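Student: I should like a close look at a single part of this model, beginning at one of its ends and working outwards to whatever surrounds it. Please give the reasoning as well as the values.

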Amino acid sequence: MATKAKKNPRLASGRKRARQNVKLNAANTSLRSKYRTAVKNVEKAVVAGDKTKAAELFAKAQSVIDAIADKGIFHKNKAARDKSRLSAKVKTLALAA
């Protein structure tokens with residue numbers, strides 16, 4: 001069975017909330033994508049073995065991760081865990097060289 005079409009809210013406050021949710025959802029999706037891209041770029045640099053680029057990208061990724069945790073898009077503990085794991089990868093790369 002196909003999914004049912006969403007009903008339009010009757011109350012003005014409900015309609016406004018629906019409009020706001022669309023905007024907020026788009027903003028959060030964009031930020032989440034920015035987060036994933038930052039993490040992915042650091043991991044690519046680590047795999048490539050480029051320690052200077054990895055360190056530089058890690059510094060940028062840290063600020064992106066912190067900003068997104070502050071906005072509440074991801075939990076602060078998840079942000080801390082991801083930063084810790086990225087940091088460990090960058091450090092092993094620096095020690096290997």
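**Helix α2 and its surroundings**

Tutor: Let us begin where the helix has ended: α2 is followed by G72, a residue whose phi is positive, near 85°. The model is a predicted one, and every value below is computed from it.

The length of α2 can be checked first. The helix runs over residues 51-71, and its 21 residues, at 1.5 Å each, should span 30 Å; the C-alpha atoms at its ends lie 30 Å apart, so expectation and model agree.

Which residues of α2 are buried? They are A54, L57, F58, A61, V64, I65, I68 and A69, where buried stands for a relative accessible area under 20%. Around the helix axis these residues cover an arc of only 135°, and they therefore lie on the same side of α2. The spacing of such positions has a general background: an α-helix has 3.6 residues a turn, so residues three or four places apart point the same way. On the face turned away from the buried side, α2 carries the exposed residues T52, K60 and D70.

What do the buried residues of α2 pack against? Their partners are α1, residues 12-48, and α3, residues 76-96. Each partner deserves a description of its own, and α3 is taken up here before α1.

The axes of α2 and α3 are 10 Å apart, and the two helices pack at an angle of about 175°. Because an angle over 145 degrees counts as roughly antiparallel, α2 and α3 are roughly antiparallel to each other. On the α2 side, the contact is made by K51, A54, A55, F58, Q62, I65, D66, A69 and D70. On the α3 side, K76, A79, K83, L86, S87, V90, L93 and A94 take part. By character, the residues of this contact divide into ten nonpolar, two polar and five charged. Several names recur from the list of buried residues in α2, among them A54, F58, I65 and A69. D70, which is exposed on the other face of α2, also belongs to the contact with α3.

Seen from its own side, α3 has 21 residues and reaches 30 Å from its first C-alpha to its last, close to the 30 Å expected at 1.5 Å a residue. Its buried residues are A79, D82, K83, L86, S87, V90 and L93. Viewed down the axis of α3, these fall within an arc of 135°, so they line one face of the helix. The cover over them includes α1 and α2. Exposed on the other side of α3 are N77, R85, K91, T92, L95 and A96. Between these classes stands S84, whose place is in α3; S84 is partly exposed, with a relative accessible area of 46%.

The remaining partner is α1. Its 37 residues, at 1.5 Å each, should span 54 Å, and the end C-alpha atoms are 54 Å apart, so α1 agrees with the expectation too. The buried residues of α1 are L31, Y35, A38, V39, V42, A45 and V46, and what covers them includes α2 and α3. Two further residues of α1 are partly exposed: T29, with a relative accessible area of 38%, and S33, with 37%. T29 can be related to α2 by a distance, since its C-alpha atom is separated by 14 Å from that of I65, 36 residues away along the chain. Within the chain, the C-alpha atoms of S33 and S13 are 20 residues apart and separated by 30 Å.

Finally, the stretch just after α1 resembles the starting point of this account: G49 takes a positive phi of about 85°, and G72, following α2, has a positive phi near 85°.

Conventions: Residues are numbered from 1 along each chain as its sequence is written. This is a predicted model: local features need pLDDT of at least 70, side-chain atom pairs count only at pLDDT 80 or more; totals for chains, interfaces and linings use all residues. Side-chain values use heavy atoms; hydrogens and water are left out. Helices (H or I, at least four residues) and strands (E, at least two) are DSSP runs, numbered from the N terminus. The expected span of a helix is 1.5 Å times one less than its number of residues. Buried means under 20% relative accessible area, exposed over 50%, partly exposed in between (1.4 Å probe, protein chains only). The arc is that of the directions from the helix axis to the C-beta atoms. Contact means heavy atoms within 4.5 Å. Axes are lines fitted to C-alpha atoms, for helices over the stretch in contact, and angles run from 0 to 180 degrees between N-to-C directions. Angles under 35 degrees count as roughly parallel, over 145 as roughly antiparallel, 65 to 115 as roughly perpendicular and the rest as oblique. Ala, Val, Leu, Ile, Met, Phe, Trp, Tyr, Cys and Pro count as nonpolar, Asp, Glu, Lys and Arg as charged, and the others, Gly among them, as polar.
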